[in-house]
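Please open the structure in your viewer and keep the selection tool at hand, as this tour goes from one selection to the next and says what is to be found at each stop.

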Amino acid sequence: MKEATAATKTAKDSKSSPKQNLEVDQAQVTVGNRFCENPKMSMRDVNVFYGDKQAIYDVSVDIAKNEVIAMIGPSGCGKSTFLRSLNRMNDTVDGCKVEGEVLLDGDNIYHKNLDVVELRARVGMVFQKPNPFPKSIFENIAYGPKIHGLADSRVDLDEIVEGSLKKAGLWEEVKERLHQPGTGLSGGQQQRLCIARAIAVSPEVILMDEPCSALDPIATARIEELIEELSQNFTIAIVTHSMQQAARVSNRTAYFHLGKLIEVNPTEQVFTMPEHQLTEAYITGRFG
Amino acid sequence: MSNSMDNLQKIKNSLKRRSRSETRFRLYGRVAIAIGLAAVLALFVDIVSKGHGAFKATYIQVDVHYDADLLGITSLADESQLMQANWDALTKSALRNKFSEVSGRRDKRQLYKLLSNGTGFDLKEHLVVNPLLLGETESKWLLADDDIDTYYKSWLDGEPYDARLSKKQVEWIDQLHQQGHIRLQLNTNLLTRGDSREPEQAGIYGAVMGSLLTLMLTLMLSFPIGVAAAIYLEEFASKNRFTDFIEVNINNLAAVPSIIFGLLGLAVFINFFHVPRSVPIVGGLVLTLMTLPTIIITSRAAIKSVPPSIREAALGMGASRYQVVLHHVLPLALPGMLTGAIIGMAQALGETAPLLMIGMVAFIVDIPQGFTDPATVLPVQIFLWADSPERAFIEKTSAAIMVLLSFLLIMNISAVWLRKRLERRW
């Protein structure tokens, strides 16, 4: 990949300069292996604006099938904004505009003929704060299949609910109280309920926006295990504040800085031999 | 060291001052609440003490002889005969029999005034239901005239008001009282009849029906329109200058004096669309205009209070915006919307001014049966009675206020109940 090599070269150039420059210059190009064969999703020159303010600058990256890609970076670097532009959750924000191409299996999700309802059934989302519906546990899971007409019968629906809860590792804990409110569960259970709800419609991609930031370490460990299990069947993009988490769960890590994608590389490499000095500065804790 | 001791001392000194000012502040609050409660209590005590009498009416016992000749009828089956029959003759002869010593035109005229001049009509209805009574004599309690009623009640209370009675009439009442032939009994007219020029026969049933019909129409129109507008503005409309402009205007409408809505109704509904005046339709339309801003504002507040995370969750699941609203936002916002609607309805129930402009202030005796029958409403009925010169209307007015207040109380309690019940689901 020509572009990638060129980027590597620039990175090396800047590394070799005696004075470390942590500023992001306008011509900043992403370094690392950002493209892949047969990507599940691919983004090309994505720019996101909130009104006049630009939040994301020319991000191009691929997400491979069944991989877990982690997005890290300091607060306000645009990683959540970028994640939300992958299933058009930004549509609901007034004044938010997305430019560039976001392809899902080769189709642009911002094409005017595409229905967001279909898109969001294929690209599910788990949010920062657990947000179960104020309905029963069963209704929470059954909601997606119901609105998309995925279950032909009550038995089907029961199966989907049971299967999703099992995949989310919640079945044993809640099978006795499926018809009690989902809001009565603990924070970690609620988040797993939200994951179960997301996988109930069998999406192809699951976007997770800091899914563990409101949870204690034990609940976090459960979710991380779950992410690993889910990666066998789903493509997962996860935004996280915790570098350890990124290191534990992801195959590849993308480092964002001030709205620019600085580096994308296999996770191990990012945390051991980052290519870009900004990445290095961030993971060694010099800012962030 | 000494410095920190100084600080500690300063803090200790200030503690007293702070706790004093807090005590003072609490006291202000208690005084404010006491004033509020006292005002409400005074209102209720005044109204109830004036109005409770109206739920009882004075009745006089006489022997009624259903004399066909006196009535001038041959058959009870003939409607036209019943219409023309001299029903008052029955009560007059009954009174003459009771006070056989009374003679002379003037005295007799005063005697006849003991009973309400609607009693003849009451006897007609009684006879039609019990045709076997024709030709028989029956001892019956008949409604007394309002002046007698006022006098008898005040006399029982120990402060007789006899300004409108003659000496003879006072004597007769005294006589009746000693015989036990005059008494207070439950006033069924008050809650079962329409308005009347005669206070003793006037009831608020017509006004209650008018209010119910008007409010029903108001609710049927303003709730769906208000909720639809609120949902559209909150969930679908993009935020721009135009929607800002709409919002400012809705808030302005909520502050427009109600009489202006009455004028608008007069100009638009009656003069332009030729809706008949004085009917619940036009009243309902005007009150809808008046209630809409309240319902829109409270509904929007209820929708706003639905956590955005629920909306995001549903959108993230691939729910369309319509499904988000129908499945998640509406159920959560409904208690607030209903409370707003009931508060709006309570306002509409108490509204008088706009209805004066559209002719619902007319004197209407018949009970309205539908949306197109002339009607008046409770607060207007109160206004009409308060404006009447007859002394007996004083207690009627208070009684009508009691009925209006109890309707308001029921509505507010049901608002609280509905809210609790719908919210308790989760």
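**A covered strand in chain A**

Begin by selecting strand β8 of chain A, residues 205-209, which is mostly covered, since 5 of its 5 residues are buried. Keep in mind as you look that this is a predicted model. If you show the side chains of the strand, you will find that A:V205, A:L207 and A:D209 point one way from β8(A), while A:I206 and A:M208 point the other way, and that all of them are buried.

Next, add strand β7 of chain A, residues 123-126, which pairs with β8(A) in the parallel sense over 4 bridges. To line the two strands up by eye, select A:V123, which stands opposite A:V205 in β8(A). Then add strand β9 of chain A, residues 235-239, which also pairs with β8(A) in the parallel sense, here over 5 bridges. A useful pair to label in this case is A:I206 and the residue opposite, A:I236 in β9(A).

**Chain A as a whole**

Now select the whole of chain A, whose secondary structure comes to 11 helices and 11 strands. Of the 288 residues in this chain, 46% are buried. Among contacts in chain A between residues at least 6 apart in sequence, 69% join residues that are at least 24 apart.

**The cores**

Which residues have the most contacts inside the largest nonpolar core? They are A:M71 and A:A237, in a core that has 141 residues. The element that gives the most to this core is helix α15 of chain B, residues 321-349, with 13 residues. Apart from this core lies another one, of 29 residues, and you can find it by selecting some of its members, among them B:I60, B:Y66, B:W87 and B:Y152.

Return to A:M71 and show what surrounds it: leaving aside neighbours within four places in sequence, A:M71 is in contact with A:K79, A:F82, A:L83, A:A237, A:V239, A:A254 and A:F256.

**Where the chains touch**

Colour the two chains separately and look at where they meet, for 16 residues of chain B are in contact with 21 residues of chain A. On the chain B side, the elements that give two or more residues are α14, residues 308-316, and α15. The largest share of that side, 6 residues, comes from α14(B). Coloured by class, the side of chain B that touches chain A has 7 nonpolar, 7 polar and 2 charged residues.

**The domains of chain B**

Hide chain A and colour chain B by its domain assignment, which gives domain 1 (2-52), domain 2 (56-193) and domain 3 (205-423). The centres of domain 2 and domain 3 of chain B, taken over C-alpha atoms, are separated by 45 Å. The contact between these two domains takes 7 residues from domain 2 and 5 residues from domain 3. On the side of domain 2, the elements that give two or more residues are α7 (146-156) and α9 (188-192) of chain B. That side of domain 2 divides into 2 nonpolar, 2 polar and 3 charged residues.

**A last stop**

Finish with helix α11 of chain B, residues 241-255, and use the distance tool on its end C-alpha atoms, which are 21 Å apart; this agrees with the expected span, because 15 residues at 1.5 Å a residue should span 21 Å. Is this helix buried or exposed? α11(B) is hardly covered, as the count of buried residues among its 15 residues is 0.

Definitions and conventions. Residues are numbered from 1 along each chain as its sequence is written. Chains are lettered from A and ligands numbered from 1 in the order in which they are written. This is a predicted model: local features need pLDDT of at least 70, side-chain atom pairs count only at pLDDT 80 or more; totals for chains, interfaces and linings use all residues. A nonpolar core is a set of buried Ala, Val, Leu, Ile, Met, Phe, Trp, Tyr and Cys residues joined through C-beta atoms within 7 Å. A residue is buried if 20 or more other C-beta atoms lie within 10 Å of its own, exposed if 12 or fewer, and partly exposed in between; C-beta atoms are placed from the backbone. Ala, Val, Leu, Ile, Met, Phe, Trp, Tyr, Cys and Pro count as nonpolar, Asp, Glu, Lys and Arg as charged, and the others, Gly among them, as polar. The expected span of a helix is 1.5 Å times one less than its number of residues. Domain bounds come from an automatic or database domain assignment. Two strands pair if DSSP finds at least two bridges between them.
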